[in-house]
Amino acid sequence: MKNESTVIDVPAESSSAMKGSAPLIGVARDHTTNGSGGYKRGLSIFDFLLRLAAIIAASVAAGTMFTSDETLPFFTQFLQFEAGYDDLPTFQFFVIAMSMISGYLLLSLPFSVVTIVRPLATAPRLLLLVLDTAAMAFNMAAASSAAAIGYLAHNGNQNTNWLPICQQFGDFCQKTSGAVVSSFVSVVFFIMLVVLSGVALKRH
Amino acid sequence: MAKESTTIDVGEPSTVTKSTSHEKKKGFVAAAAGGGYKRGLAIFDFLLRLAAIGITIGASSVMFTAEETLPFFTQFLQFQAGYDDFPTFQFFVIAIAIVASYLVLSLPFSIVTIVRPLAVVPRLILLISDTVVLTLTTSAAAAAASIVYLAHNGNANTNWLPICQQFGDFCQTASTAVVAASISVVFFVLLIVISAIGLKTH
């Protein structure tokens with residue numbers, strides 16, 4: 001193993017003016033805003049805006065599913081003439097899950113503000129990344145299970161004799177499908193949030 | 001402005017070399033103290049990936065072979081059940097197979113993070129693609145779970161009959177596959193967290 005020795009001038013004070021001409025000088029890791037701090041602050045602001053958009057998407061999904069009741073004006077022989085989200089346990093799970101996701105996003109806004117104010121701190125970003133990953137998986141589970149039931153409601157299943165109820169409950173089906181789409185949009189926002197936190201954690 | 005000059009030994013990059021100099025000079029020593037710690041994380045990541053490969057291949061193949069033919073004749077239900085009778089289960093088999101092949105293809109990247117613990121780009125690639133694949137796995141597992149739940153319990157309001165009462169074996173096999181896929185979701189969450197901690201600066 002070869003050992004090389006070299007002499008490096010270390011000035012007593014490191015100022016941002018030295019950065020351009022002496023790339024070997026270690027930047028003191030404090031909370032002053034330097035070049036990479038500004039870039040990370042931009043990422044944090046984008047993160048905050050994405051969170052606001054995801055709150056809207058998640059709460060719209062929960063609200064639409066919650067108010068998707070429909071009562072048919074006529075009498076049918078073998079089907080109930082009322083349909084609501086609480087008739088299907090999967091849709092109940094969807095409403096509860098999307099409400100929890102909206103609540104989590106609201107509570108995570110202060111952490112996002114902290115990453116804007118202190119762009120170089122890694123602990124808030126790591127916490128947000130871990131929680132966002134879990135929330136994203138939860139969101140995706142609710143969205144896709146509701147999508148599977150929605151698909152079944154639209155198309156039915158001949159092999160199991162499950163009839164497509166959308167042919168009777170058109171409005172109910174439309175609203176639930178809209179709620180599922182909004183929930184998938186929220187998942188896309190979560191993916192972007194996780195990737196953003198990952199990129200911002202990376203050192204330069 | 002007072003200037004200080006100092007001599008620094010720059011050795012071969014290895015995880016054993018640790019800098020004992022002033023904190024300001026820690027940045028440009030080739031092997032920082034975080035290298036060994038990150039290498040441990042990368043090894044754990046590799047092992048998790050191997051376990052996830054096993055589980056996803058198991059889930060996909062179990063669902064693929066979940067067939068049952070009833071020995072007797074029933075009036076209004078088909079007396080054969082297989083994964084291809086349910087579009088959701090078809091999606092499940094295909095999606096989990098894609099996830100398994102992704103995991104195999106991501107093993108080289110994981111090895112690169114073991115060999116070069118301080119490299120940022122492989123970890124970032126793994127983080128991003130693991131996030132995308134996590135959503136695919138969760139989607140497949142959750143959709144199949146909702147259909148399995150319906151098959152077990154039925155729904156009185158929509159007159160959907162619980163078919164598990166006739167097709168017990170098929171239901172059990174399908175449920176096992178869904179459970180295995182859910183375990184792989186947990187593995188993916190762990191993989192993402194490991195990549196994020198590995199990316200973090202010290």
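Helices here are DSSP runs of H or I with at least four residues, numbered from the N terminus. This is a predicted model, where local features need pLDDT of at least 70 and side-chain atom pairs count only at pLDDT 80 or more, while totals for chains, interfaces and linings use all residues. Residues are numbered from 1 along each chain as its sequence is written, chains are lettered from A in the order in which they are written, and side-chain values use heavy atoms, leaving out hydrogens and water.

Let's start with helix 3 of chain A, residues 123–155. Its 33 residues should span 48 Å at 1.5 Å a residue, and the end C-alpha atoms are indeed 48 Å apart (the expected span is 1.5 Å times one less than the number of residues). Just after this helix, A:G156 takes a positive phi of about 70 degrees.

Two asparagines in loops also have positive phi, as the table shows.

| Residue | Loop | Phi | Relative accessibility |
|---|---|---|---|
| A:N161 | between helix 3 and helix 4 (170–201) of chain A | about 60 degrees | 35% |
| B:N159 | between helix 3 and helix 4 (168–199) of chain B | near 60 degrees | 36% |

A:N161 counts as partly exposed, and so does B:N159 (buried is under 20% relative accessible area, exposed over 50%, partly exposed in between, with a 1.4 Å probe and protein chains only).

Over in chain B, B:T135 sits in helix 3 (residues 121–153). With 8% relative accessibility, B:T135 is buried. Leaving aside residues up to four places away in sequence, B:T135 touches A:M136, A:M140, A:V187 and A:I191 (contact means heavy atoms within 4.5 Å).

Methods:
Helix = DSSP H or I, 4+ residues; strand = E, 2+ residues; numbered from the N terminus.
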